Amino acid sequence: MEKKYTFIEVHDKKSKKAFIMLPVWLYRNDKTWIRPLDNDVERIFDPRQNKYFQHGECTRWILNNSSGQTVGRVAAFIDTKQAFKQDQPTGGMGFFECINDKEAAFALFDQCRNWLREKGMEAMDGPVNFGERHQWWGLLVEGFLEPNYCTPYNFPYYQDLFEAYGFKLYFQQYTYHRRVTSELQDTVRKKAEKILTNHDYTFRHLDIKQIDRFTQDFRTVYNKGWIKHTGVNMMSEVQAKATIKKLVPILDERLVWFAYYNNEPVAFFIMLPEVNQIIKHLNGKMDLVGKLKYYYHKKAKTCKKVLGMLFGVVPEQQGKGVEAAIVVVFANVVASGHLHYTDLEMNWIGDFHPKMMHVAEQVGGKILKTHITYRYLFNPEAEFKRALMIS
């Protein structure tokens, strides 16, 4: 009997192309899907570009039917820095795409599970990224709208496939939205007023001419405010410079704000133009034509959406109103009419972080999209636990 499906590990040019082109075929009739840049996907699997290969390993496959057509794809990976911090050693699977066929999907899940089990893992999270959480993380289950840059978008039937296999909800990820010009609540403005009238506090937006100084301020706040989070590592000076350097081509100085207390950095609110609003015109290619299109749309200000990437406050300043004050300062710039943006979406906030959810709600955010990070335990008798709450 002829085998229905065949796996091919992705190594050569032909299989890499099939991996990239499968979603182009799957979503060919879905006008909401935005094709990612090919290079943004490929760099995840390139040891020269992805630092996670320094402490982990990764592989990926395509799944072909008996006619040789690619009908599925998936990747599996292990980050040794995080894998053994869990109750069960846990790897990851991601970049899952598949036709609406349970047999094909289960074959892809089995392939990841078997590979991870051979490497000593006892569980897998998915769909996740072989990299930081702010990209390619989670399965979209509500809010099937245009995806933000490097944010997963998928068909609704994917949820049924994951849950039928036995994946369980590990945590939910919420993307909040607000109109840029929406009025802030009186309680927010009153809370901010206590900070704004205190001359020990000052607020500045990014000045590209002083990028080194702002990079150091970013690193200071990040390491104080984020290092306690599961899966977040201390940021080195080299990493901070590399992070900011990547952002420089798309930065709008008036969207990146810092708060200072007695001239010491205590908070930042980093927003970026939501570049998927431009990338959707590029058909996955940042070649010469793609660059010309990109700079045309950037100059024409066709991007009307802002993406709130990071909101960080050092622990000793949390709860004092600094969060509200930095939002009010930005809102005042918007009210002045100098910005052309109309909508703000905030990079996802996990349901394990109720304090940040509350901050998003306080500034007028409402949940627009929901993604889920699932966990699958290889031993069905093992105790399943949700992600730990951050107090």
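Is aspartate 38 buried or exposed? Aspartate 38 is buried, at a relative accessible area of 10%. This is a predicted model, and here is a friendly tour of some of its charged side chains. The structure holds 19 salt bridges; three of these pairs are described below, followed by a buried aspartate that has no salt bridge.

**Aspartate 38 and its partners**

- The side chain of aspartate 38 forms a salt bridge with that of lysine 285, with 2.6 Å from N to O.
- This pair links distant parts of the chain, 247 residues apart: aspartate 38 belongs to helix H2 (residues 38-42), while lysine 285 sits in the loop between helix H9 (276-279) and helix H10 (288-300).
- Lysine 285 counts as partly exposed, at 38% relative accessibility, whereas aspartate 38 is buried.
- A network of salt bridges links Arg35, Asp38 and Lys285.

**A pair with an exposed aspartate**

- Lysine 385 and aspartate 87 also meet through their side chains in a salt bridge, at 3.4 Å from N to O.
- Lysine 385 lies in the segment after strand E13 (366-377) and aspartate 87 in the loop between helix H3 (80-83) and strand E4 (90-98), so their salt bridge ties together parts that are 298 residues apart in sequence.
- Aspartate 87 has a relative accessible area of 57% and is therefore exposed.
- Lysine 385, with a relative accessible area of 42%, is partly exposed.

**A pair within one helix**

- Arginine 213 and aspartate 217 form a salt bridge between their side chains, at 3.8 Å from N to O.
- Both residues lie in helix H7 (residues 211-225), where they are 4 residues apart, about one turn of the helix.
- Arginine 213 is partly exposed, with a relative accessible area of 36%, but aspartate 217 is buried, with a value of 9%.

**A buried aspartate without a salt bridge**

- Aspartate 79 is found in strand E3 (residues 70-79).
- Although aspartate 79 is buried, it has no salt bridge, and lysine 81, the nearest side chain of opposite charge, is 6.8 Å away.
- What does the side chain of aspartate 79 make with the side chain of histidine 55? The two side chains make a polar contact, at 2.8 Å.
- Setting aside neighbours within four places in sequence, aspartate 79 is in contact with Tyr52, His55 and Gly56.

Conventions:
Residues numbered from 1 in each chain as written. Predicted model: local features only at pLDDT ≥ 70, side-chain atom pairs only at ≥ 80, totals over all residues. Heavy atoms only, no water. Salt bridge = Lys/Arg side-chain N within 4 Å of Asp/Glu carboxyl O. Helix = DSSP H or I, 4+ residues; strand = E, 2+ residues; numbered from the N terminus. Buried < 20%, exposed > 50% of the residue type's maximum accessible area, 1.4 Å probe, protein only. Lys, Arg positive; Asp, Glu negative; His and termini not counted. Polar contact = N/O pair within 3.5 Å; in protein donor to acceptor, adjacent residues only side chain to side chain. Contact = heavy atoms within 4.5 Å.
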